[in-house]
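The exercises below concern a predicted model. Each sets a task and then works through a solution step by step.

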Amino acid sequence: MLKVLAPMAGFTDMAFREICLEFGADNTVTEMVSAQALVFGDKKTKKLLETSPKEKNVSVQIFGHDPSIMGEAAEILNKYEFASIDINMGCPAPKIVKSFNGSYLLQEPSLVYNIVKEVVSSSDIPVTCKVRKSFNGIDAIKSIKNIQKAGATRITVHGRSREEFYSGNADWDYIKNVKRILDIPVIGNGDLFTPEDALMKIKYSGVDGIAIGRGSVGNPFIFNQIEELLEHGDYFRPSKEEKLNVLKDHLLREIKYKGERLGILEMRKVYSHYFKGMENSKEVRNHLNQLSDKNEIIKLIDYYLDNF
């Protein structure tokens, strides 16, 4: 059962990808990269392509709507050591959709085909896609069939429409149906927050793997837990100390790769996820978001561990 760390802008950077691989993710994916920015040599975009020697089986996700630009981007990415190129056709963010990218593409199955075909023909490595179930009431099934027809080797399906964003419940009936009609592997995505969630949805849908996004933030343990539950019927539950030791490790890796100022700023959006469910942690979480010195941050985390 393939366990994928789903790409998330602002979260799946090098530090977090490393941690998730160490905790059982089989495949990780970079933050979303603009094909156009890549082709035009944007420096910030190239930074998103950086990987560490510790990373194995990391894929790169690109977005765009011009087949020729997407093909050029694939040629550039062939020079890197990525496991595959993933085409984003699922992002619901307004700024992406307004630029005719992401989930917007799902209403144009012929364009979807042309994009995938161009990337496949330009790539020396496998090409995969990520989609949602619909856009503006238009079912994605024609686009999904065209993705397979154009030569993609795998597809990840998030069981929500573009309009739902992340609200409501992911439609695993839809994912189950996609698995039924396609020959290529199907990865299910949506509402995977516990090992039990994953096991239930794997058994129900028959998918070839799962992609975990929000459920992994502050909880990289979930990848090993799913494997343990599948194999042994139970799984390891980390203690408070173990969770916060990973938080400190995450902090130090961010600082290593981005410098202390930026690394600490990046961590402010994840502190609360590591402390989730821990008693008397609200004040500590609020205080952490005000600190800008790594030693003070670690000292505060250790104080919490010693006193609560």
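**Exercise 1: the second largest cavity**

The second largest cavity has a volume of about 50 Å³. Determine which residues line the second largest cavity, which helices supply at least two residues of that lining, and how the lining residues divide by type.

*Solution.* The first step is to list the lining, which consists of Gly10, Phe11, Asp13, His250, Glu254, Glu266, Met267, Lys269 and Val270. The next step is to assign residues to elements, and here α11 (240–258) and α12 (260–267) are each found to supply at least two residues of the lining. The last step is to sort the lining residues by type, which gives three nonpolar, two polar and four charged.

**Exercise 2: the largest cavity**

State how many cavities of 30 Å³ or more the model contains, and describe the volume and lining of the largest cavity.

*Solution.* The count comes to two cavities of 30 Å³ or more, and the largest cavity holds about 90 Å³ of space. Its lining is made up of 13 residues, of which Val4, Val29, Asp86, Arg154 and Thr156 are the closest to the centre. The elements that contribute two or more residues to this lining are β2 (27–29), β6 and β8. Sorted by type, the lining of the largest cavity divides into five nonpolar, five polar and three charged residues.

**Exercise 3: the largest pocket**

Describe the largest pocket by its volume, the residues closest to its centre, and the elements that give two or more residues to its lining.

*Solution.* The largest pocket encloses about 810 Å³ of space. Among the 40 residues that line the largest pocket, those closest to its centre are Pro7, Met8, Ala9, Cys91 and Tyr166. Two or more lining residues come from each of β3 (33–34), β4 (58–63), α5 (94–97), β6 (127–135), β8 (154–161) and β10 (209–212). Of the elements, β6 gives the most to the lining of the largest pocket, with three residues. The character of the lining follows from its division into 21 nonpolar, 12 polar and seven charged residues.

**Exercise 4: cysteines and disulfides**

How many disulfides does the model contain, and why is Cys129 not bonded to Cys91?

*Solution.* A disulfide is a covalent bond between the sulfur atoms of two cysteines. The relevant cut-off is a pair of cysteine sulfur atoms within 2.5 Å, and the count by this rule comes to zero disulfides. For Cys91, which is in no disulfide, the nearest cysteine sulfur is that of Cys129, 15 Å away. Cys129 cannot be paired with Cys91 because the sulfur of Cys129 lies 15 Å from that of Cys91, its closest cysteine sulfur, which is too far for a bond. As for accessibility, Cys91 is buried with a relative accessible area of 13%, and Cys129 also counts as buried, at 0%.

**Exercise 5: the two faces of α10**

Identify which residues of helix α10 are buried, explain why they count as one side of α10, and name what covers them.

*Solution.* The buried residues of α10 (residues 222–232) are Ile222, Phe223, Gln225, Ile226 and Leu229. Because they cover an arc of only 165° around the axis, they are placed on the same side of α10. The face turned away from this buried side carries the exposed residues Glu231 and His232. The cover over the buried residues of α10 includes β1 (2–5), α1 (14–22), α9 (195–205) and β10. Finally, just after α10, Gly233 adopts a positive phi of about 80°.

Technical notes. Residues numbered from 1 in each chain as written. Predicted model: local features only at pLDDT ≥ 70, side-chain atom pairs only at ≥ 80, totals over all residues. Heavy atoms only, no water. 1 Å grid on protein atoms, 1.4 Å probe; cavity = no way out; pocket = protein on both sides within 12 Å on 5 of 7 lines; lining within 4 Å. Points joined across faces, edges and corners; volume = space filled by probe spheres on them. Helix = DSSP H or I, 4+ residues; strand = E, 2+ residues; numbered from the N terminus. Nonpolar A, V, L, I, M, F, W, Y, C, P; charged D, E, K, R; others polar. Buried < 20%, exposed > 50% of the residue type's maximum accessible area, 1.4 Å probe, protein only. Arc of directions from axis to C-beta. Contact = heavy atoms within 4.5 Å.
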